[in-house]
Amino acid sequence: MFEKILIANRGEIACRIIKTARKMGVKTVAICSDPDLNSPHVNLADEYFNIGGNTSAESYLIIEKIIDALKKSNADAVHPGYGFLSENVNFREEVHKAGKIFIGPPSQAISLMGDKIESKKLAKSASVSVVPGGLDVIKDLKQALKEAKKIGYPLMVKASAGGGGKGMRIAFNDEELKENFNSAVNEARSSFGDDRVFIEKFIEFPKHIEIQVLGDQFGNFIHLGERECTIQRRHQKVIEEAPSFFVDEELRNEMVSHAIKLAKAVSYYSAGTVEFVVDKNKNFYFLEMNTRLQVEHPVTELITNIDIVEQMIRIAFGEKLSYEQKDIKFSGSAIECRIYAEDSSKNFLPSIGRLTRYIEPSGKNVRVDSGVVEGSEISMFYDPMISKLCTYSNTRKSSINEMINALDRYLIEGVQTNKDFLSNILQNENFEKSNYSTSFISENYKEGYDSFNVTLTDKQKIHAVAVFVNYKYLLRAASISNQLKGFNKTVGMNWQVIDKGKIINSKISFNNFNKSYDIYIGKKYLNLKSNWNIGHPLFSAIIDNNLSYFSIKRNGPKFLINHNGSSSELLVFSKRHAELNEIMIPRKKEDLSKLLLAPMPGLLVSLLVKEKQIVDENQPLAIIEAMKMENIIRSEKKTKIKKINCSEGDSLEVDQIILEFE
């Protein structure tokens, strides 16, 4: 076995590979950019090399720097993880020239499958079903419009060297194609250093299903079943699961057959994923083959109990597959949620900052693959994914419930995240029934997701928690100040909860019989039992015989409580304090309607307007690039540009004034 491997990646996937290597007794070498110098993957590895630079283009994408670190470390092999150089054939060749082993497939497979156009041609020649179009590089918008007439709308512009949802745009008409074509080209260039794009038919109401294959260097192949990755936003996977609730045994066998057939056609070895788009009638079409470890591989590991990273390392070392297909046993259901640093209430704009408080959920049915700790910085230079949260159970329904509870037990402060949004998806009836396509998010969350505007059916539970926590704090304060001369003599039992201006009368009392609390919220009675410690931001309680989880922030009588994807701002007052609160003068809000503020830190790529120009509602004003994605900022109304405060190429801070309106 290898003595030492270098990991040509960062973050959670680097940590993930290190853990398997350590289990196998293999030493590891990490590489890092300047911002990543104190990152967990650096601290976890046996040794590291700082290759410098800030952005990925200055560090993790520079082959010469990584090869230099490889030689100096005297590592035997390189694991590329996913993204960055994982599907770069030039990198693989340079590793080979250095006399080292690339933990991944052969160059021919990377080259053929990494090119979306060539891979479709090969798949077609191997009798694998392919989507119409996509066999030619589109050089400019004129050619794109011509190709669109042949294929017909809707269609998709895709980066030929793409992956991870980068360089992809959907167009339903000529105007959308004109608007999106250049963005797709620019995004492809900045993400992959390759601006080639192609156009193919967009399958309506599609499911995204992928098959995990493993092949060794002796021509042996097995599959590890399918994963469903249909819940996507801007073609970036958000929730994945294995197995797919939608796929029946007949469809599974057909897709597996095609996946293995394609893998054999390119003499593949290592772990690989063949992705298909499946329509509502269960017709499937080859989409692409990812010649690397997939982000969502943990769900397959959970239902098969096979360490895919370990298999990749053993195959690269030259070992035969130790499994035959009959050895693979599938059990249970696993779900993965990608936790992103983004503000779902602002249409999922990236959120950047330091993790001031960070507590991961734990349990036998919970797995967290992360590359951060409390104090880590979420930078504008890299992908916004914080972690991958996975749950596993006997049935899909119980796995979903485990995930909802795990999200409630996941505390992340310092940046905005999408965890409430994920929780809301999981509670959607159509998700439970698997009645959704890749358009699910764009159709159901057109304006994003604001956890403060969610209506809970059991809001009394939130109110009861606020009353309980308030009561506990006041009991402690009274005890410290020696005010308690008898139980409940100083701290009152009657309180008023104020929720969005509505006053709810409440009463709390200790139930000595079962050591719990009886709480009345209006006329509703709840029994609450908890061993919560004052000051801890996570709260669990048995409420009416059901275990529930919450996160809590308290500032005097003010409470911010998060539960099941919802956020509630509450006040808990005595009756007199509630009366005084009614006559308080509200604070004036600053008028920002005549300013365009940068919604996130990033690079101002383009300014699309000039001073004195009249713009229409929804007209593009500027393009900001952050975390490798281009974001088009549009006008909210018809107005006139008064002043432009920034220039193209400027690095923007959040809420920086870009321009002013009259």
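Biologist: How much surface does the protein chain expose, and what share of it do carbon and sulfur atoms supply?
Modeller: The protein chain exposes about 29,400 Å², with carbon and sulfur atoms supplying 47% of that. Accessible areas come from the Shrake-Rupley method with a 1.4 Å probe, and for residues only the protein chains shown count as cover.

Biologist: What should I know about the model before we go on?
Modeller: It's a predicted model, where local features need pLDDT of at least 70 and side-chain atom pairs count only at pLDDT 80 or more, while totals for chains, interfaces and linings use all residues. Residues are numbered from 1 along each chain as its sequence is written, and side-chain values use heavy atoms, leaving out hydrogens and water.

Biologist: How many helices and strands does the protein chain have, and what makes a stretch count as one?
Modeller: There are 17 helices and 38 strands. Both are DSSP runs numbered from the N terminus: H or I over at least four residues for a helix, E over at least two for a strand.

Biologist: What makes the protein chain as compact as a globular protein of that length?
Modeller: Its radius of gyration is 27 Å, close to the 26 Å that the globule rule gives for 662 residues, so the chain is as compact as a globular protein of that length. The radius is taken over C-alpha atoms, and the rule is 2.2 Å times the number of residues to the power 0.38. Those C-alpha atoms fill a box of roughly 80 × 65 × 55 Å along the principal axes.

Biologist: What share of the contacts in the protein chain join residues 24 or more positions apart?
Modeller: Such pairs account for 63% of the contacts with a separation of 6 or more. A contact here means heavy atoms within 4.5 Å.

Biologist: Why is M1 called partly exposed?
Modeller: Partly exposed is the range between buried (under 20% relative accessible area) and exposed (over 50%), using a 1.4 Å probe and protein chains only. M1 has 35% relative accessibility, so it counts as partly exposed. M1 lies in the segment before strand 1 (4-7), yet its C-alpha is 6.5 Å from that of F317, 316 residues away in sequence. Leaving aside neighbours within four places in sequence, the contacts of M1 include M24, V26 and I313.

Biologist: What makes S127 count as exposed?
Modeller: S127 has 52% relative accessibility, so it counts as exposed. S127 lies in the loop between helix 6 (116-125) and helix 7, and its phi is near 65 degrees, a positive value in a residue other than glycine.

Biologist: Buried, exposed or partly exposed: which is D544?
Modeller: D544 has 32% relative accessibility, so it is partly exposed. Its phi is positive too, near 50 degrees, and D544 lies in the loop between strand 27 (538-543) and strand 28 (546-555).

Biologist: How many of the residues in the protein chain are buried, as a percentage?
Modeller: Buried residues make up 57% of the 662.

Biologist: Which residues touch the most other members of the largest nonpolar core, and why is it called a nonpolar core?
Modeller: The name is for a set of buried Ala, Val, Leu, Ile, Met, Phe, Trp, Tyr and Cys residues joined through side-chain atoms within 4.5 Å. The largest has 35 residues, and I231, I239, I339, I386, L389, I425 and L426 touch the most other members. Elements that each supply at least two residues include strand 11 (236-242), strand 21 (385-393) and helix 13 (419-426). Helix 12 gives the most, with 5 residues. Apart from this core lies another, of 33 residues, among them I17, I103, I306 and M385.

Biologist: Which residues does L389 contact, leaving aside its neighbours within four places in sequence?
Modeller: Among them are I335, V366, M403 and Y410.

Biologist: Where are the cis peptide bonds at P154 and P243?
Modeller: One runs from Y153 to P154, with omega near -5 degrees, and P154 lies in the loop between helix 7 (141-151) and strand 6 (155-159). Another joins A242 and P243, with omega about -10 degrees; P243 is in the loop between strand 11 and helix 9 (249-265).
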